[in-house]
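Work through these exercises with the model open. Each task is followed by its solution.

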Amino acid sequence: MDLVNKTTSIEDNNNPQVLTIPAQGEQQLVPGWAKGVVWYQIFPERFRNGDPSNDPTGDRIDAPEGWQCSSWTADWYERTDWERTMGNDFNDGVYLRRYGGDLQGIIDKLDYLQELGVEALYLNPVFDAVSLHKYDTSYYHHIDRFFGPDPKGDQAIMEAENPEDPDSWQWTAADRLFLKLVEEVHNREMRIIIDGVFNHSGTDFWAFRDLKEKQEQSAYRNWYEVNSFRKADDPNSAFEYDSWWDFKTLPEFKHINNNLVEPVKEHIFAITRRWLAPDGNPDRGVDGWRLDVPEEIGQSFWREWNSLVKSIKPEAYTTGEVWSDNFSDWVGKGLFTATMNYQFAETVQNYMIDQSISASNFLETLKQQAASLPEGAPIGMQNLMDSHDTPRLASMVVNPGRPYNKDGKPKYGFNVRKPDSSERRLQKFIALFQFSYPGAPMIYYGTEAGMWGAGDPDDRKPMVWPDFDYEPEKYDPLGRERPTDDNNFDTALFNWYKKLIWMRQKHPSLRKGKFKAVQYDNHKNTFTFARTLDNAQPILAVFNRSELTQQILIPMEGLDWPPNTELINTLTGAEVSISAGFAKLYLPPVTGAILISDDGDEVRS
C-alpha cells in the first residue's frame with residue numbers, strides 16, 4: 001500500500017496492513033546478546049574523572065602558558081585566561097581543553113549505568129592519541145596514556161618497543177586498566193565495543209613520525225598516500241600527503257583497490273587480534289567494534305577484516321558509521337552486523353521535531369529503511385538520536401527546521417539555551433518511540449541526564465553527574481543575550497529513560513517482537529503499532545504528536561490479542577476498554593501510551 005497517497009479521514013486511517021517488520025528471522029546476522037540490546041555511548045575524556053593523578057599535561061598538546069585542566073563544573077562557554085590568550089573566538093581555545101575523563105571514571109560509574117538499565121557500551125576511541133577525541137591515533141596497540149594510572153611509565157614502554165613487531169608489544173598500565181574495565185563490564189553481564197579508526201592516523205602515529213623525518217628514506221613511505229616529499233636541496237619544497245577531509249593532522253593510509261596496502265592491513269589485523277583476544281583469550285577481550293568512516297576505505301578490506309573478527313569471536317558485533325542512503329549495503333554480505341542508524345534519527349527528526357512529514361510518510365520511510373536491510377538485521381541496528389557528531393537531542397528540539405546534523409552551530413544561528421518544559425516533553429516523546437521501535441536503542445552519554453548542546457564542540461561537554469554542583473550556563477559563544485540556565489543533573493528525565501529501559505527489558509515483545517502498524521491519522525497526527533512475539537505478551541504503542549488532546553480508536557481486528565480483555569497503559573496505570581472491536585483512549589498532546597493486557601502485570605511509576 002502506498003502510504004504517501006493515503007487519505008487522512010478517520011474511516012481510511014485504521015488499516016492493519018500498513019507496515020510489518022518481522023521478528024528475528026532464520027539468518028543469525030545479529031549475535032544473540034545484541035538483539036534489541038540497549039546501548040550507551042561514552043566519550044571517555046568527558047565522561048568521568050576517576051583518577052585526578054593522571055590528568056593530561058599541556059606539554060603534549062603545545063598548550064599556551066598558564067594552561068591547566070578545565071573545571072568539570074564550570075559554565076561551558078566561560079573562557080579562562082589561557083583561552084583568551086589564543087584569540088577572541090570561543091573555538092580558538094576550546095579544542096585544547098582537557099577535563100581528565102579516564103578509564104577509572106568509567107569503572108566507577110558502571111553501577112550508574114547498570115541502574116539506568118544499560119546493557120552494552122560503545123566507547124569512542126581509547127587508543128593513545130594527542131587530541132581530546134582520539135581519532136588521531138598515535139598507537140593502536142596501547143590505550144591512551146592519560147586514560148590510565150601511569151602516563152609517564154606507559155610512555156616509556158611505548159618508546160622502548162618496536163611498534164611494527166607485535167612480539168615486542170607489552171601491556172601498559174592503561175592497557176591493563178582497560179582489560180579490568182572489560183572484565184568489570186562482563187561481570188555485570190554487559191558488553192563493550194570500541195572505536196576502530198582505520199582510515200587514517202594522527203601525525204603523531206609512530207609510522208608517520210618516521211615518514212615525516214626520513215621522507216623518501218622512510219621504511220613507511222608506502223603506508224601513506226604521499227604526493228610530494230621534501231627535497232634536501234630545495235628549502236621551498238613541501239611534504240604533501242592526502243588527509244581526511246583535508247585535516248592535515250589526520251593523514252590517510254594508502255588504499256589500493258578498495259583495500260589498505262598490505263603492511264597497514266597486517267598492522268590493523270594485529271591490533272584487532274590484540275583487543276578481541278588479549279594474550280589469545282577472547283573471554284578477556286572486547287565484544288566488537290564500531291568502525292569509523294568505513295566507506296572511505298572500501299568493502300574489500302572490510303570483508304577480510306570481518307572474516308578475521310568472526311574467526312576470533314563468532315559472537316562479535318560490528319557496526320559502521322555510514323551516513324549515506326546506501327547504508328543497507330554495509331549490513332550483512334560479509335560486512336557489518338549493523339550501522340549507526342542515522343537514517344532512523346533523521347526520519348524521527350523530520351516527523352517528531354520538524355513536523356515536515358505526515359504520520360503516514362513517517363511510517364512509510366521507516367518501512368523502506370527496514371525493507372532495505374537483510375533478513376533479521378533491523379533488530380540489531382543502533383537506533384540513536386544523537387552522538388558525538390551531532391547536536392544533542394535536547395538541542396535538536398530547541399532548534400527545529402534544520403536538516404539533520406547540518407549547520408548545528410551557534411555561528412549559524414543555533415540556539416544554545418536549555419530546553420523548556422514543553423521541549424523536554426517532546427524529548428521524552430521521542431525517547432518513548434525510540435525504545436518501543438524495533439532495533440537497539442542507543443543513548444549518547446548525558447542525554448538521559450538532561451544535557452544539551454549544539455554540534456561539535458558543544459556536544460562534548462563534561463557529563464552532568466548528580467553528585468556535582470554545576471555553575472549555571474549564562475555565557476553565549478557569540479555574546480548574544482540568553483537566559484541563565486541551571487545545568488545540574490535532571491533526575492526526572494533520568495527516571496524516564498530508566499522506566500523506558502525497564503519496560504523494554506520486562507516485555508520481550510518490545511525487545512525482539514515483530515512490528516505492525518495498525519492505525520494512523522494524518523489529520524489528528526496520531527499512529528499506533530503492535531509489537532508481538534510468540535509466547536510473549538503483545539504490546540500496543542500509541543502516539544499523539546499533535547498539540548491537542550486526541551481520541552484514538554485502535555482496530556483490534558487482525559491482532560493476536562486475548563479476547564474480551566481490557567488494556568492497561570503501563571506508563572500510567574490507566575485502563576483502556578475494548579468495545580465493538582476497537583480500543584478507545586484519549587491522549588494529551590505530545591504523549592504516548594504502551595498498552596498491555598490487564599492481567600495484573602506490574603506498572604512502574
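**Exercise 1.** Sort the lining of the largest pocket into nonpolar, polar and charged residues.

*Solution.* The model is predicted, so treat it as such. Start with the lining: 40 residues surround the largest pocket. Next, divide them by type: 15 are nonpolar, 11 polar and 14 charged. Then look to the centre. Trp244, Phe247, Asp389, Asp456 and Arg460 lie nearest to it. Finally, take the volume: the pocket holds about 1,400 Å³ of space.

**Exercise 2.** Classify the aromatic pair of Trp244 and Trp245, then decide for each residue: buried or exposed?

*Solution.* The model has 64 aromatic pairs. For Trp244 and Trp245, the ring centres are 5.0 Å apart and the planes differ by 10°. Planes under 30 degrees apart count as stacked, so this pair is stacked. Now check accessibility. Trp244 has 18% relative accessibility and therefore counts as buried, the cut-off being under 20%. Trp245 has 61%, so it counts as exposed, the cut-off being over 50%.

**Exercise 3.** Which rings have the charge of Lys134 or Arg274 over them?

*Solution.* Take Lys134: it lies over the face of Phe147, 5.4 Å from the ring centre. Take Arg274: its charged end sits over the ring of Trp275, at 5.3 Å from the centre.

**Exercise 4.** Trace the open sheet that contains strand 17.

*Solution.* The sheet has 3 strands in the order 17-21-20, paired antiparallel. Its edges are strand 17 (550-555) and strand 20 (578-579), each pairing on one side only. Strand 17 meets strand 21 (residues 582-587) over 6 bridges. Within this pairing, Ile554 has Ala583 of strand 21 as its bridge partner.

Methods
Residues are numbered from 1 along each chain as its sequence is written. This is a predicted model: local features need pLDDT of at least 70, side-chain atom pairs count only at pLDDT 80 or more; totals for chains, interfaces and linings use all residues. Side-chain values use heavy atoms; hydrogens and water are left out. On a 1 Å grid over the protein atoms alone, a cavity is a set of points where a 1.4 Å probe fits but cannot get out, and a pocket is an open set with protein on both sides within 12 Å along at least five of seven lines; lining residues have an atom within 4 Å of a point. Grid points are joined across faces, edges and corners, and a volume is the space filled by probe spheres set on the points. Ala, Val, Leu, Ile, Met, Phe, Trp, Tyr, Cys and Pro count as nonpolar, Asp, Glu, Lys and Arg as charged, and the others, Gly among them, as polar. Rings of Phe, Tyr and Trp (its six-membered ring) pair if their centres lie within 6.5 Å; planes under 30 degrees apart count as stacked, over 60 as edge-to-face and the rest as tilted. Buried means under 20% relative accessible area, exposed over 50%, partly exposed in between (1.4 Å probe, protein chains only). A charge sits over a ring if NZ of Lys or CZ of Arg is within 6 Å of the ring centre and within 35 degrees of the ring normal. Two strands pair if DSSP finds at least two bridges between them. Helices (H or I, at least four residues) and strands (E, at least two) are DSSP runs, numbered from the N terminus.
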